[in-house]
Amino acid sequence: MAESSILFEARQGVARITLNRPEVLNSFNGPMALELQRVLADVARDDGVRAVYLTGAGRAFSAGQDLAEAAPQMGAGIGDFAAHVRTLYNPLVLALRRMPKPVVCAVNGVAAGAGANLALACDIVIAAEEASFLQAFVRIGLVPDTGGTWFLPRLVGSAQAAALALLGEKLPAARAAELGLIYKVCPLAELEATAFGAAKHLATQPTFALSLIKQLLAASPHNSLEQQLEMEAECQGIAGRSADYAEGVKAFLEKRQPTFTGR
Ligand code: LHQ
């Protein structure tokens, strides 16, 4: 039987998800995108999982859409790209953004097209120095999808976003970090320890508060200062009634490390 295109394992409170079609640089065909949707939905529901780690097998993170599947001249292919994006990629972006626990993305190599934007949908992106980000769409006559035109201007500002999307040049990971597109880079040999280490740490943290922080940050670009202050107050009210706050403040007063349960 063929190996799954999405590898999944849960350990130490972390769901480890690996894009696994290395022979085509982990590019996505339909079954792979649907499988990733299923895994993300399971992970979102599983209280035993308190952080998510996403990476790619082999030398790439993901080259985006499998172009062999998408080529018009290949007969069957994908009939309607709009429907394809709506049913396969949009749900992935929303699943990552709405995940009620932090998602750490370890970009181990090139991230192109939908693969690049899937990485940008994650909460914390750490890339190998050898990795790169490529808004490849324009090179084949398409437009950025998978949230690219939403994430890019918010992360790097409109001038850099326009250049990245229109020129479709390969952006080395170190430059991506300088621009604020991603959190940081490290040598490939240290990527696993650095990024999985961050996920493991997050899995021991107050998960409920982390999910509220995600909601606050997601709402921020659309809110006025007044609205955001109100939302912070509301979330603080909720966080203040959590078991983890009770434990956090008790541990502080007792001068010990807290043991958070995520509730
Ligand atoms: C691939 C791919 C690939 C298949 C490398 N597919 N085989 C949404 C809706 C509907 C339709 C279309 O798209 C979308 C969203 C999108 O994501 S559009 C953007 C699609 N992605 C791209 O255009 C990127 C295409 N790939 C590349 O530009 C290069 O492969 C990059 C820059 C990623 C890596 O370059 P290299 O390191 O030089 O590797 P390579 O090009 O030699 O690729 C290695 C193998 O992987 C090769 O196969 P082979 O049999 O020759 O070893 C490639 O054909 C295959 N591969 N990307 N997307």
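## The nonpolar cores

In this predicted model, the largest nonpolar core holds 63 residues, and those that touch the most other members are F28, L36, V107, F133 and L181. Helix α1, which spans residues 30-45, supplies the largest share of this core, with 6 residues. A second core, separate from this one, is made of 6 residues, among them A219, M231, C235 and A239. In soluble globular proteins, nonpolar side chains tend to be buried together.

The surroundings of L181 can be described residue by residue: once its neighbours within four places in sequence are left aside, L181 is in contact with L120, F133, L152, L155, V156, L171 and A176.

## Strand β5 and its partners

Strand β5, residues 103-107, is mostly covered, with 5 of its 5 residues buried. The covering applies to both faces of the strand, since V103, C105 and V107 are buried on one side, while V104 and A106 are buried on the other. V107 also belongs to the group of residues that touch the most other members of the largest nonpolar core.

Two neighbouring strands are paired with β5. Strand β3 (residues 51-56) runs parallel to β5 and is joined to it by 3 bridges, and within this pairing V52 has V103 of β5 as its bridge partner. Strand β7 (residues 124-128) pairs with β5 over 4 bridges, again in the parallel sense, and here A106 stands opposite I126 of β7.

## An open sheet of 4 strands

An open sheet with mixed pairing is formed by 4 strands, in the order β4-β6-β8-β9. The edges are taken by β4 (60-62) and β9 (170-172), each of which has a single partner strand, so one side of each is left without a neighbour in the sheet. With direction ignored, neighbouring strands of this sheet are turned against each other by 20 degrees on average.

Within the sheet, strand β6 (residues 110-112) and strand β8 (residues 132-134) run parallel and are joined by 3 bridges, with V110 standing opposite S132 in β8. Strands of a sheet pair through backbone hydrogen bonds, either parallel or antiparallel.

## Helix α11

In helix α11, residues 243-253, the buried residues are D244, E247 and A251. They lie on the same side of α11, because they cover an arc of only 65 degrees around the axis. An α-helix has 3.6 residues a turn, so residues three or four places apart point the same way.

The cover over the buried residues of α11 includes α9 (207-219), whereas on the other side of α11 the residues F252 and L253 are exposed. After α11 comes K255, which has a positive phi near 55 degrees.

## Individual residues around helix α1

Most residues other than glycine have a negative phi, and most peptide bonds are trans. Two residues in the loop between β2 (14-19) and α1 depart from that tendency in phi: L25, which is placed in this loop, has a positive phi near 50 degrees, and N26, also found there, has a positive phi of about 55 degrees although it is not a glycine. L25 counts as partly exposed because its relative accessibility is 22%, whereas N26, at 0% relative accessibility, counts as buried.

Within helix α1 itself lies R38, which is partly exposed because its relative accessible area is 43%. R38 and A95 are 57 residues apart along the chain, and their C-alpha atoms are separated by 9.8 Å.

Key: Residues are numbered from 1 along each chain as its sequence is written. This is a predicted model: local features need pLDDT of at least 70, side-chain atom pairs count only at pLDDT 80 or more; totals for chains, interfaces and linings use all residues. Side-chain values use heavy atoms; hydrogens and water are left out. A nonpolar core is a set of buried Ala, Val, Leu, Ile, Met, Phe, Trp, Tyr and Cys residues joined through side-chain atoms within 4.5 Å. Buried means under 20% relative accessible area, exposed over 50%, partly exposed in between (1.4 Å probe, protein chains only). Contact means heavy atoms within 4.5 Å. The arc is that of the directions from the helix axis to the C-beta atoms. Two strands pair if DSSP finds at least two bridges between them. Axes are lines fitted to C-alpha atoms, for helices over the stretch in contact, and angles run from 0 to 180 degrees between N-to-C directions.
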